[in-house]
Amino acid sequence: KGPVVKGFGRGSKMLGIPTANLDASSLPNLLGLASGIYAGWAGVGGSSEVHLMVMSVGWNPYFNNDTKSIEPWLLHEFPQDFYGEELRLVVNCYLRPEANFTTLEALVDRIHEDAAVTKGALLKHNGLNAHKKHPFLTPA
């Protein structure tokens, strides 16, 4: 868990995919994950609601990042930004390795495909769906 921070400014504006970025240096457990795309559950701030999330951990090769980043996309429409709010994540499964793309459109299409896979896996698999109730996701 950690506070939501401003990222590179690409998620909402360039990709149409609003991510809730985390400071990678303050999350050694997540930073230690292999680069790739993960699926799981997320809780935000004082809310007891839990949302599906698909998360990129890595270098974002399309953008040639110099640092490893942690960028969860919560699959929920929020009425406003929530910078500074605590974001709690339970990572359930590894979807695929990080990949480079030849076009921005191909990248966006793949991110949406990752979201569809996440919904299918976490909502239909009882063992993964049960993690939605993990106590870690409950606000302190």
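Asn64 sits in the loop that connects strand 4 and strand 5. In this predicted model, the phi angle of Asn64 is near 55°, a positive value in a residue other than glycine. A second asparagine, Asn60, is placed in the loop between strand 4 and strand 5 as well, and Asn60 has a positive phi of about 45° although it is not a glycine. Are these two asparagines buried or exposed? Asn64 has a relative accessible area of 62%, which is over 50%, so Asn64 is classed as exposed. Asn60 has a relative accessibility of 12%, which is under 20%, so Asn60 is classed as buried.

Let us turn to the strands. Strand 6 covers residues 86-97, and strand 1, covering residues 2-5, runs antiparallel to strand 6, with 2 bridges joining them. Here Pro3 stands opposite Glu86 of strand 6. Strand 3, made of residues 36-44, also pairs with strand 6 in the antiparallel sense, this time over 9 bridges. If you would like a place to find that pairing on screen, look for Ala39, whose bridge partner in strand 6 is Cys93.

Strand 6 also holds Arg88. Its relative accessible area is 1%, under the 20% limit, and therefore Arg88 counts as buried. Which backbone atom lies 2.8 Å from a polar atom of the Arg88 side chain? That atom is the backbone oxygen of Gly45. Leaving aside neighbours within four places in sequence, the contacts of Arg88 include Trp41, Ala42, Gly43, Val44, Gly45 and Ser47. Lys1 is another contact of Arg88, and so are Phe136, Leu137, Thr138 and Pro139.

Helix 3 brings us to Leu107. Leu107 has 11% relative accessibility, and because this is under 20%, Leu107 is buried. Apart from neighbours within four places in sequence, Leu107 is in contact with Leu15, Tyr62, Phe63 and Phe101. Leu107 and Gly9 are 98 residues apart in sequence, and their C-alpha atoms are 16 Å apart in space.

Here are the accessibilities of the four residues discussed so far.

| Residue | Relative accessible area | Class |
|---|---|---|
| Asn60 | 12% | buried |
| Asn64 | 62% | exposed |
| Arg88 | 1% | buried |
| Leu107 | 11% | buried |

Now for the pockets. The largest pocket has a volume of about 810 Å³. Its lining has 40 residues, and those nearest the centre are Gly11, Ile17, Pro18, Thr19 and Ala20. Which elements each supply at least two residues of this lining? They are helix 1 (11-15), strand 4 (50-58), strand 5 (69-74) and helix 3 (104-124). Helix 1 gives the largest share, with 4 residues. Sorted by class, the lining of the largest pocket has 21 nonpolar, 10 polar and 9 charged residues.

The second largest pocket holds about 180 Å³ of space. Among the residues that line the second largest pocket are Val44, Ser47, Glu49, His51 and His76. The lining also includes Phe78, Pro79, Gln80, Asp81, Phe82 and Glu85. By class, this lining divides into 4 nonpolar, 4 polar and 3 charged residues. Two names return here from the description of Arg88: Val44 and Ser47 are among the contacts of Arg88, and Val44 and Ser47 are also among the residues lining the second largest pocket.

Key
Residues numbered from 1 in each chain as written. Predicted model: local features only at pLDDT ≥ 70, side-chain atom pairs only at ≥ 80, totals over all residues. Heavy atoms only, no water. Pairing = 2+ DSSP bridges. 1 Å grid on protein atoms, 1.4 Å probe; cavity = no way out; pocket = protein on both sides within 12 Å on 5 of 7 lines; lining within 4 Å. Points joined across faces, edges and corners; volume = space filled by probe spheres on them. Nonpolar A, V, L, I, M, F, W, Y, C, P; charged D, E, K, R; others polar. Buried < 20%, exposed > 50% of the residue type's maximum accessible area, 1.4 Å probe, protein only. Contact = heavy atoms within 4.5 Å. Polar contact = N/O pair within 3.5 Å; in protein donor to acceptor, adjacent residues only side chain to side chain.
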